[in-house]
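Q: Please take a close look at a single part of this model and place it in its surroundings. A formal account, with each technical term explained where it is used, would be welcome.

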Amino acid sequence: MSKSSADVGIPDDVYDRKTQTWYKKGRFMGKGGFARCYELIDQNTKHVYAGKIVPKTLLQKPHHKDKMTLEIQIHREVRHQHIVGFHTFFEDEQNVYVLLELCSNRSLMELQKRRKAITEPEARYFLKQIVEACVYLHGRNIIHRDLKLSNVFINDKMDVKVGDFGLATKIDHIGQKKKTLCGTPNYLAPEILLKKGHSFEVDTWSVGCIVYTLLVGHPPFETSKLTDTYAKIKANEYNIPSRISQPARDLISLMLKPNPTDRPSMSSILQHKFFRTGHFPTGLPTSCLTMAPRAV
Ligand code: ADP
């Protein structure tokens, strides 16, 4: 196999000096802003991790280094069934390596691209797990701030795992409002656009956008121009097609309330009628990644 330029600087065998562990580089999983992600196989246990590999050349600015340190600091202190597990991190001369729980069925982004709109029972299945992850995070004073389809990963059992803490932050006293956000979240809440100060409710907004996108097949405020999208967000201008059930439309409109204090808390979302009407699968087959299930 020819070596692509993508592989330059990432050795086939990686060594963690602290734990004296060798890892073998496996399949390429994808690339993000800074990181390339490969399977990394622990040569002692044969356990396969998702290794996010960041070249140190991209971390020369203190600001970039600080952001990565904060991402690691927040991610390593959380542990939940529906959050991508944090295994370890280390560095060598060339790169920083972050080893995470492997999610081999990619993310809701690929699923939604393939399927366009999904069924309401499937949305109930995914939403419950995303909200459970958020209840946990908010309970620990963490705001994710960039919940989007591509940050909701799917493992081989079709369990949902929220990941990418690159824009996450911690609230250090009750009622604190965050004034700044370094980076651009995908589903921007109006209070971020209007620079009013923001808090946990931005995650409710983003999850509302996720549910809308999964059920309708496109994001709620989508236009061909970013400035038009921002204008629509500020005007709270979106439509829910009539084929969407009443409980689903009611939940979406609560989560997309323009005033953050009017949005439901993460724990109260699970009490909504949407979760008490219609079929609620306890698991989904992997065929759902590409085709609508027959029964649901
Ligand atoms: P960045 O923080 O640089 O944007 P991402 O977190 O987006 O990096 O990761 C880059 C890519 O790596 C993702 O798009 C995805 O394809 C893959 N990836 C990230 N985490 C995992 C994981 N836990 N399991 C499988 N693939 C992953």
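A: Helices (H or I, at least four residues) and strands (E, at least two) are DSSP runs, numbered from the N terminus. The model is predicted, so local features need a pLDDT of at least 70 and side-chain atom pairs count only at pLDDT 80 or more, whereas totals for chains, interfaces and linings use all residues. Residue numbers start from 1 along each chain as its sequence is written.

The account begins with Gly183, which lies in the loop that separates β10 (169-170) from α4 (190-193). Gly183 is exposed, because 10 other C-beta atoms lie within 10 Å (C-beta atoms are placed from the backbone; 20 or more others within 10 Å make a residue buried, 12 or fewer exposed, and counts in between partly exposed). Leaving aside residues up to four places away in sequence, Gly183 touches Gly166 and Leu167 (contact requires C-beta atoms within 7 Å). From the C-alpha atom of Gly183 to that of Gly30 the separation is 20 Å, and the two residues are 153 places apart along the chain.

Gly30 leads to the ligand. There are 19 residues around the ligand, and those that come nearest are Gly30, Gly32, Ala35, Cys37 and Ala50 (a residue is near if its C-beta atom lies within 6 Å). This shell consists of 10 nonpolar, 5 polar and 4 charged residues (Ala, Val, Leu, Ile, Met, Phe, Trp, Tyr, Cys and Pro count as nonpolar, Asp, Glu, Lys and Arg as charged, and the others, Gly among them, as polar). At least two shell residues come from each of β2, β4 and β6, and the largest share, 3 residues, is supplied by β2.

The strand β2 belongs to an open sheet of 6 strands, ordered β1-β2-β3-β4-β6-β5 with antiparallel pairing (strands pair if DSSP finds at least two bridges between them). The strands β1 (13-16) and β5 (86-91) are at the edges with a single partner strand each, so one side of each has no neighbour in the sheet. Neighbouring strands are turned by 35° against each other on average, direction ignored (axes are lines fitted to C-alpha atoms, for helices over the stretch in contact, and angles between N-to-C directions run from 0 to 180 degrees). Packed on the sheet is helix α1 (residues 62-76), which touches β4 (48-55), β5 and β6 (95-101) and whose direction makes about 150° with that of β5.

On one side, β2 (residues 21-31) is joined to β1 by 4 antiparallel bridges. Asp13 stands opposite Lys24 of β2, and Val14 has Tyr23 of β2 as its bridge partner. The hairpin of β1 and β2 has 4 residues between its strands, and Gln20 takes a positive phi near 50° there. With strand β3 (residues 36-42), β2 forms 6 antiparallel bridges. Tyr23 has Asp42 of β3 as its bridge partner. The strands β2 and β3 also form a hairpin, with 4 residues between them.

Two further helices complete the picture. Helix α3 (residues 120-139) has 20 residues, which at 1.5 Å a residue should span 28 Å, and its end C-alpha atoms are 28 Å apart, in agreement (the expected span is 1.5 Å times one less than the number of residues). Because 15 of its 20 residues are buried, α3 is largely enclosed by the rest of the structure. Asn141, which follows α3, has a positive phi near 65°. Helix α5 (residues 201-216) is mostly covered, with 16 of its 16 residues buried, and Gly217 follows α5 with a positive phi near 105°.

Conventions
Two residues are in contact if their C-beta atoms, placed from the backbone, lie within 7 Å.
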